Amino acid sequence: MRPLEQDPAWQQLASHHRRLVECRIDALFEADPERFERFSRRENGLLVDFSKNRLDAAALDALLALARARDVPARRDAMFAGDVVNPTEERAALHAALRTPEIADHAGVSRTVSDCLGQMEAFAAGVRDGTVTGVDGHVFTDVIHIGIGGSDLGPRLLADVVLSPENDGPRLHFVSSADAQALRTVLAGLDPATTLVVVATKSGGTRETLLNAGTALSWFAARLGRDAALAHHFVGVTGNPERLADAGLEVGRSFPLWDWVGGRYSVWSAVSVSVMMAAGTAVFREFLAGGAAMDRHFRDMPLADNLPVLLALVNVWNTTVLGAASQVVLPYDWRLRRLPAYLQQAVMESNGKSVTVDGTPAGTGTAAVLWGRSAIDGQHAFYQFLHQGTQVVPAEFICAMEDGRDAPAHRRELLANCLAQSRALMCGVDAESLAAEEAMAALAPERRRLLLAHRTHVGDRPSNTLLMRRADAGHLGRLVALYEHRIFVEATIWGINPFDQWGVELGKRLAGDLRACLGSDAVRQDLDGSTAGLVAWLRGGDG
């Protein structure tokens with residue numbers, strides 16, 4: 001495939017950029033009363049509104065032509081067929097098979113997935129009904145999930161959505177940080193006899209995870225004995241149980257992870273068995289079904305009505321064409337508070353690349369920085385920057401229409417703020433409107449001039465709004481799969497590989513070298529001056 005910047009379909013976008021760059025977004029609504037209907041789509045309990053972007057029908061048609069020119073449909077089909085779409089690691093990317101086996105039934109994958117899911121359900125049900133117990137026969141009251149990256153962020157997000165104070169399963173705790181205080185805080189107050197540990201590491205050698213698991217094992221061994229603790233209180237989720245065993249974690253039960261499932265896509269796998277223990281098997285099935293529904297939508301819908309494709313094209317337009325350096329995700333639902341962190345890894349680890357699939361430097365920008373937080377809290381933290389800062393940051397508002405917990409006043413507050421903020425970003429408020437306010441008219445001229453300058457909002461800032469019926473397992477499944485496919489479409493347009501992460505590996509390797517350096521008096525001659533100075537200070541040689 002030719003470089004993106006040399007693709008005629010890409011070059012066509014420049015004329016639309018020049019035509020629209022001075023056009024205000026709110027003026028596009030004035031010119032087209034049907035704009036909301038033309039620039040929004042509905043799919044199975046999910047409404048996606050992308051009308052508040054600097055796009056018109058001609059520009060959208062040009063973006064759709066770009067998707068076709070970049071072979072998005074063919075690449076999508078290749079991914080579902082189990083072809084090698086991760087060329088640097090020579091792997092398929094079949095995470096969709098974990099939720100939609102009939103779409104990606106490649107080399108017996110569906111049977112393998114089905115068998116694993118059955119084993120997960122049987123084990124989780126045993127923990128919940130008390131037939132699977134600790135070494136002394138005690139029922140498990142607490143589950144500690146130890147993992148990092150995708151082995152932590154995905155299960156945490158799922159747990160936030162599906163667990164409630166009324167949960168009838170064991171309490172679920174997460175540990176990801178290598179800081180001992182994180183594990184120490186979780187272990188405080190727990191009883192080893194009634195605690196189960198899930199160790200999730202795809203490679204079997206993730207340093208932080210093994211460190212935390214080893215420390216937890218020492219805590220268990222002091223009360224139950226090492227071998228008994230491993231046999232009855234530790235569960236592995238890994239693609240390399242031998243490596244886990246070599247690290248001293250010969251767990252009594254292990255569930256598989258396969259090389260065709262990337263860590264940041266592993267929430268659909270046995271990595272979430274801890275959530276299944278806490279919440280039950282039915283909700284995990286609902287989560288899988290939601291993802292499967294979005295898989296079918298992505299596979300079957302025309303590009304012009306395809307949610308992942310449309311959102312990817314809007315993002316490419318806002319970032320690569322219009323030049324936005326970051327994007328912000330703003331969930332107006334407490335249960336989705338970890339969604340920005342989850343998407344931060346999904347987007348930036350997948351598409352934070354500067355080299356194309358053929359090994360040449362990317363000729364355009366790729367992924368923008370993604371950030372965000374629970375949006376009501378964000379309103380009291382960084383919305384000032386969004387509204388009046390010097391950088392334009394495309395925003396993604398996400399909200400559930402129903403609470404499901406009999407709190408309509410709270411839900412109305414969330415929805416009102418969500419809609420108000422997206423409107424304010426687009427419309428702003430001009431000096432003329434402010435000057436007409438009675439309080440302004442009563443001010444002295446210089447005071448009025450000063451306040452008008454500070455209170456004016458230019459507006460004209462783009463956003464998408466995603467509304468779902470409710471924040472439950474099924475809708476979360478649709479939402480997560482939507483973003484996965486959107487990331488894939490963006491990568492296809494940019495010509496990069498979204499399934500490797502070589503940038504992560506370098507830091508890990510250097511950390512191994514420095515770990516040995518910090519633990520001895522050996523002098524490394526190959527360190528840069530800054531790192532050498534920091535090492536010396538940490539050794540106590542400089543105060």
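These exercises work through the sheets, helices, cores and single residues of a predicted model.

**Exercise 1. The six-stranded sheet**

Work out the strand order of the open sheet of 6 strands, and find which strands stand at its edges.

Step 1. The order is S1-S2-S11-S10-S8-S9. The pairing is mixed.

Step 2. Look at the two ends of that order. Strand S1 (40-43) and strand S9 (369-372) are the edge strands. Each has a single partner strand, so one side of each lacks a neighbour in the sheet.

Step 3. Now take the pairs. S1 and strand S2 (residues 46-49) are antiparallel, with 4 bridges. Here Glu43 faces Leu46 in S2.

Step 4. S10 and S11 run parallel and share 7 bridges. In this pair Glu402 stands opposite Arg470 in S11.

Step 5. Strand S8 (residues 326-331) also runs parallel to S10, joined by 4 bridges. Val329 is placed opposite Glu396 in S10.

**Exercise 2. The setting of strand S10**

Decide whether S10 is enclosed or open to the outside, and name the helix that lies across it.

Step 1. Count the buried residues. In S10, 6 of the 8 residues are buried, so the strand is largely enclosed by the rest of the structure.

Step 2. Find the helix. Helix H18 (residues 408-427) lies across strand S10 (395-402) and strand S11 (463-470).

Step 3. Add the direction. H18 runs at about 155° to S10.

**Exercise 3. The five-stranded sheet**

Describe the open sheet of 5 strands: its order, its edges and the helices that pack on it.

Step 1. The strands come in the order S4-S3-S5-S6-S7, with parallel pairing.

Step 2. Strand S4 (171-175) and strand S7 (253-256) sit at the edges. Each has a single partner strand, so one side of each has no neighbour in the sheet.

Step 3. Neighbouring strands are turned by 20° against each other on average, direction ignored.

Step 4. Inside the sheet, strand S5 (residues 195-200) and strand S6 (residues 234-238) run parallel, joined by 4 bridges. Ala200 stands opposite Val237 in S6.

Step 5. Helix H6 (residues 109-129) packs on the sheet and touches S5, S6 and S7. The direction of H6 makes about 145° with that of S7.

Step 6. Helix H8 (residues 180-187) packs on the sheet too, touching strand S3 (142-146) and S4. The direction of H8 makes about 165° with that of S4.

**Exercise 4. The nonpolar cores**

Identify which residues of the largest nonpolar core touch the most other members, then trace where the core comes from.

Step 1. The core holds 112 residues. Met120, Val237, Met277 and Ile398 touch the most other members.

Step 2. Helix H22 (residues 473-494) is the biggest contributor, giving 13 residues.

Step 3. Check the domains. Domain 1 (9-81 + 287-427 + 461-497) and domain 2 (95-279) each supply at least three residues to this core.

Step 4. Set the second core apart. It is separate, has 21 residues, and includes Leu183, Phe220, Leu224 and Leu244.

Step 5. Return to Val237. Beyond four places in sequence, the contacts of Val237 include Val198, Ala200, Phe255, Leu257 and Val273.

**Exercise 5. Helix H7**

Test the length of helix H7 (residues 150-162) against a rise of 1.5 Å a residue, then judge how covered it is.

Step 1. The expected span is 1.5 Å times one less than the number of residues. For the 13 residues of H7 that gives 18 Å.

Step 2. The end C-alpha atoms are 18 Å apart, which agrees.

Step 3. H7 is mostly covered, with 12 of its 13 residues buried. Among them are Gly150, Asp152, Arg156 and Leu158.

**Exercise 6. Two loop residues**

Classify Asn306 and Pro361 as buried or exposed.

Step 1. Place Asn306. This residue lies in the loop between helix H13 (281-300) and helix H14 (307-321).

Step 2. Apply the cut-off: buried means under 20% relative accessible area. Asn306 has 0%, so it counts as buried.

Step 3. Beyond four places in sequence, Asn306 contacts Arg76, His297, Phe298 and Met301.

Step 4. Place Pro361. This residue is in the loop between helix H15 (339-351) and S9.

Step 5. Exposed means over 50%. Pro361 has a relative accessible area of 66%, so it is exposed.

Step 6. Beyond four places in sequence, Pro361 touches Ser354, Val355 and Thr356.

Note on methods: Residues numbered from 1 in each chain as written. Predicted model: local features only at pLDDT ≥ 70, side-chain atom pairs only at ≥ 80, totals over all residues. Heavy atoms only, no water. Core = buried A, V, L, I, M, F, W, Y, C linked by side-chain atoms within 4.5 Å. Buried < 20%, exposed > 50% of the residue type's maximum accessible area, 1.4 Å probe, protein only. Helix = DSSP H or I, 4+ residues; strand = E, 2+ residues; numbered from the N terminus. Domains from an automatic or database assignment. Contact = heavy atoms within 4.5 Å. Pairing = 2+ DSSP bridges. Axes fitted to C-alpha atoms, helices over the stretch in contact; angles between N-to-C directions.
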